[in-house]
Amino acid sequence: VIRELRFPGNSLVLPGIICLALLVGAVTTGGFFTRSNVDSFLLNASIVGIVATGTSLLTISGNLLSLGMQQSAMLGGVLLAVSLEHRWPVGCGLALAIASVIAVSLVQAVLVAIGLNAIIATLGCGTVIYGLVSYSVQVNGGTVNFSASGLNWVNGSAAGIPVEILIFAAVTVAAGIIHHKHKIGRRITLAGSSRAAARMSGVSLRNVILWTFVALGITAGVGGALGALTVDQATPTMLSTLTFDVAAAVLIGGVSVQGGAGSPVLAAIGAVLIAAFDNIMLLHNFSVGAQQLTTGALLLLTVIVMHSVRRQTA
Amino acid sequence: MRNARVIQQYGAQVLVFAAAWLGFAAAAPGLRGSAGVYSVLLGFPLVGLVALGAAGTIIAGEMDLSVGASAAVAGAIAVRCAGLGLVVAIIVPVVILGAFGAIQGIVIAWLKINSLLITIGTSIFLGGVLFEVCGGNPISVSNAAVTFPLLDRWWIFSPDIIIAIVVFAAAAVFYSRVRYGREIYATGGARAEAIAAGVRTRRAIIVTFTVSAALAALAGSIAALKVGGADPTADTTLLLEAMSAVFVGGISLYGGRGTVGNVVLGVGILSVIAAGLSDKGAQEYAVQLVTGLILIAVVTFEVLARKLATRAAWSADGLLGGRKSRAPSL
């Protein structure tokens with residue numbers, strides 16, 4: 001384990017190969033490297049990427065994945081939309097949205113801390129969130145529309161770069177620093193690589209789970225808020241493919257599902273890789289189905305190759 | 001002794017089932033008489049068959065998250081094949097998805113890879129396949145007359161309910177009497193011991209994933225033919241409902257325990273609740289809300305009960321004073 005932590009080379013082989021394939025694809029695709037095209041696929045990657053950085057911490061801590069990301073993000077988006085619709089101060093709306101998502105994440109954290117499989121806990125909680133939000137929104141007609149007063153700048157650009165991409169970059173850097181440098185980040189990695197070792201060295205697994213889910217809540221809240229702000233509305237079915245997209249980004253980025261290896265930065269790179277592949281296929285006029293097929297195939301390939309590499313080195 | 005075991009295995013579920021039905025029958029007239037039995041039985045051809053397949057993978061100590069996507073793809077293939085006749089339209093997707101499930105099982109069994117991850121990957125992959133089969137838009141059966149036999153109803157029975165009953169009966173025999181079925185229990189209950197005892201655990205895993213995909217395909221194709229169409233973007237909650245039915249029925253999350261009877265009870269309980277709520281005019285999301293709550297409650301209960309049991313065992317041994325032991329999480 002220690003060797004792998006010091007030389008993460010093995011776990012980077014596959015993302016490297018995928019990057020190479022991508023580079024070949026990009027060079028042979030006319031119009032890929034134009035400024036507007038790069039911006040457009042980075043924009044497509046940003047919400048998935050933001051949520052993937054939080055989810056990757058859950059994976060690194062040894063708790064596999066969350067199957068409730070869409071619902072958590074949607075909760076944030078709908079709450080922000082409702083508060084903007086009622087013309088609350090922007091800060092209040094954002095705080096309410098993100099705090100609520102953190103709160104529902106903490107409920108899931110408690111369930112995982114008492115020993116529930118994270119996949120089942122998040123699947124069940126996600127449905128409950130969906131049911132509750134649908135109930136409240138349906139009362140008002142299903143879709144919450146608003147005019148983004150005071151938050152219009154999110155859809156604009158700063159220094160020539162779209163703000164959404166800047167937020168994506170900021171979240172990635174912050175998550176990366178917390179994971180690499182902060183005490184809790186190191187503990188998350190240790191808990192993922194060996195629960196027994198973590199417990200022996202006095203790491204509280206409960207705290208690890210708690211902080212992981214806080215990170216999950218913050219990123220889901222930010223992702224949901226952005227999802228609502230880009231289209232000026234929110235519905236219970238918004239960002240409908242987010243859960244599986246995030247899982248794909250985390251795994252294709254090369255975050256080890258056994259826990260203990262990988263980083264939020266890799267998950268963000270995974271999201272960008274998928275968006276770039278989709279973009280190349282789009283430029284070659286492939287259908288949406290073919291894009292999804294490729295993502296699924298890439299994901300299976302990554303999981304299988306990483307598993308085999310790990311088994312050989314072990 | 002035997003009676004005690006039967007009560008332990010089914011008692012709580014039978015009570016919940018009876019209480020739910022009595023409660024809803026009192027409040028919702030749609031749940032009384034043969035109409036009520038019929039609406040509860042209607043839960044078996046779709047959620048029931050998918051849950052039955054998923055239960056096999058869970059008993060084997062694995063978990064198939066691709067059942068929802070398999071059912072959706074099968075539905076689209078069935079609609080495309082409807083011109084060839086009803087029987088062909090049901091059999092073709094079952095064979096195709098069964099083969100897909102077998103490949104999935106082979107990968108999981110030989111590489112000893114986490115089945116949750118492989119099946120998340122195949123779910124995304126199958127989502128793309130669904131899109132391609134439909135050509136990007138909702139499709140419908142070209143000749144609706146082909147599907148009319150599925151809409152027949154005799155008293156509390158319809159063709160799809162009869163198919164479901166036959167499949168459940170066959171599964172009951174398979175799991176309790178056939179060696180392949182017994183191997184699945186050994187594989188999930190204690191894998192290391194099973195391998196040491198010469199049980200062919202790989203075969204058991206491949207069999208469960210094949211059966212799981214084939215049953216999901218059967219359920220999906222019947223459902224799609226019944227409504228006469230398939231939609232590539234349909235937001236399906238089948239996976240959640242099937243998993244909830246499995247765990248509510250009393251199949252253990254830790255593998256190796258549970259029977260077809262447990263699946264029947266789980267599907268029955270959820271079906272009563274869904275039928276009762278929709279009879280009272282509740283929306284789809286209310287049913288989902290209740291299903292999600294029941295799933296969390298049941299799984300939490302099982303985890304806590306197991307924790308208490310391990311704790312008692314530890315303290316009986318005088319180790320760690322019964323404080324530090326933890327139930328293993330899956």
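This report describes a pocket and a chain interface in a predicted model.

## Basis

Local features need pLDDT of at least 70 in this predicted model, side-chain atom pairs count only at pLDDT 80 or more, and totals for chains, interfaces and linings use all residues. Residues are numbered from 1 along each chain as its sequence is written, chains are lettered from A in the order in which they are written, and side-chain values use heavy atoms, without hydrogens and water.

## Second largest pocket

The second largest pocket (on a 1 Å grid over the protein atoms alone, an open set of points where a 1.4 Å probe fits, with protein on both sides within 12 Å along at least five of seven lines) has a volume of about 1,100 Å³, taken as the space filled by probe spheres set on the points, which are joined across faces, edges and corners. Its lining (residues with an atom within 4 Å of a point) has 31 residues, and B:Gln8, B:Gln9, B:Gln13, B:Gly250 and B:Arg257 lie nearest the centre.

Helix 13 of chain B (helices are DSSP runs of H or I, at least four residues, numbered from the N terminus) gives the most to this lining, with seven residues.

## Interface of chains B and A

The contact (heavy atoms within 4.5 Å) takes 41 residues from chain B and 46 residues from chain A. There are zero salt bridges between chain B and chain A, a salt bridge being a side-chain nitrogen of Lys or Arg within 4 Å of a carboxyl oxygen of Asp or Glu.

On the side of chain B that touches chain A, helix 5 (86-111), helix 6 (115-134), helix 11 and helix 13 each supply at least two residues. Helix 6 of chain B gives the most to that side, with 14 residues.
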